[in-house]
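Open the model in your viewer and show it as a cartoon. The tour begins with the whole chain and then moves to one sheet and a helix beside it.

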Amino acid sequence: MAWRFSYFVSTVKSSKTLNPNSFSSTAPFSTSFLVTKTPKKFKKKRNPKPSPRTTPVQTQPNRIPSLERILHRDALLRFVTRSKHFLSAQPEHVLRLDDAGKLHRELGFPRGRKVSRFLQHHPLLFQTYRHTDGKSWLGFTDLMEDLLAEENSLMDAMELNRVEKVRKLLMMSARNRIPLSKIHHRRTLFGIPDDFRDRVAKYPDFFKIAVDSDGKRVLELVKWDPLLAVSALEREFVVDEDSAKRKFRFPVKYGKDLDLELDDNRKLNLLNSLPLVSPYSDGHRFDLWTLEAEKYRVGLIHEFLSLTLEKRASIHELVEFKEEFSLTKHTYQMLRKQPRAFYLAGTEMNWTVFLKDAYDENGVLIEKDPQVVFNEKLYKYAQIDQMEHDPGVEEQHLT
């Protein structure tokens, strides 16, 4: 038997030498038929990592739908608001349609879309026509021109109010000066007219224009007015002290060895509830990471929002004035700690902060600036899809 087994082994070895593939091709346990990669349809889908660009600021139980809808409305009407401002600055309020298709950022429509698609949604405000040169042009309707004239009259009537807003902004700034370009860029936030830079010359007792070494024109405060150096929060404190104190919370950190009772703890925190540092003080000189500096910045943002038309501002509008108002990169977290006074809506990367007390339970401003009333009327016209829906809308407006 031994010689038979040795003969079998030697025969197998010789066959491998002569034909190395002969044994493997007939092997009963070949694995060449197995699938080495899992098909995509059988792979387990991984949830995408959360991104600040898409992660909502508020969780579902804490959301205020009425305020969230305001941001949704602004997104839908972005084309109307931006196109109105851009076309108003053009000669005769017209623009070639071919050129309009390239100005997606200025006119407020997504890149790659056709501008004509958005014009069709607002037939009462925008129109296209063919010029004698054979080109199609974009312009305002007669109704929109009447609305613009009405808005200009409103700007003239509210001029002194806007001058007061700018004076308060300068008094809050670190050196009582703000670049004119920043005020012009965020003019719609406060209802400031487009030609405010030209109107400044009418008020030499309030403003002075200086030119920095880099060539930037800067608006400076000429005279400090103590009557204006009173914040909205301070006025509220005089009317209802308890309500103002409950609005902000700055808990005091203390060691466990103090062994404070619950009532003592509440009294200690109550002493640090109200930001007593006025936004019209020299709070910008505080160390950035002290409690006093945080109180100063919270009070400053509260006053900043109270000066806006709709008592709210986006992160981009706040960042515009970060040097003048000594804001830090922790502004988002700082506002999150004050949910009684502020409401943050949107996403973590693109959020908007609201003054909660300025809105009722339906998300409607309690006190409306005349410019806000005008904007609401403009938005109503913008949402009428067809002229045939209300043939007397222009006649009613003119009447």
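With the surface switched on, the protein exposes about 25400 Å², and 53% of that area is supplied by carbon and sulfur atoms. Keep in mind that this is a predicted model. Of its 399 residues, 40% count as buried.

Return to the cartoon and colour by secondary structure: the protein has 21 helices and nine strands. Among contacts with a separation of 6 or more, 64% are between residues 24 or more positions apart.

Next, select residues 177–179, which form β4, and 207–211, which form β5. Add residues 217–221, strand β6. What is the order of the strands in this open sheet? It is β4-β6-β5, with antiparallel pairing. Strands of a sheet pair through backbone hydrogen bonds, either parallel or antiparallel. β4 and β5 are the edge strands, each pairing on one side only. Look along the sheet: neighbouring strands are turned against each other by 30 degrees on average, direction ignored.

Now zoom in on β5 and β6. How many bridges join β5 to β6? There are five, and the two strands run antiparallel. To see one of the bridge pairs, pick I209 and then its partner in β6, L219.

Finally, keep the sheet in view and add residues 159–172, helix α9. This helix packs on the sheet and touches β4, β5 and β6. Turn the view until α9 and β6 are both visible along their lengths: their directions make an angle of about 90 degrees.

How values were computed. Residues numbered from 1 in each chain as written. Predicted model: local features only at pLDDT ≥ 70, side-chain atom pairs only at ≥ 80, totals over all residues. Heavy atoms only, no water. Pairing = 2+ DSSP bridges. Helix = DSSP H or I, 4+ residues; strand = E, 2+ residues; numbered from the N terminus. Axes fitted to C-alpha atoms, helices over the stretch in contact; angles between N-to-C directions. Contact = heavy atoms within 4.5 Å. Buried < 20%, exposed > 50% of the residue type's maximum accessible area, 1.4 Å probe, protein only. Areas by Shrake-Rupley, 256 points an atom, 1.4 Å probe, with all protein chains shown as cover.
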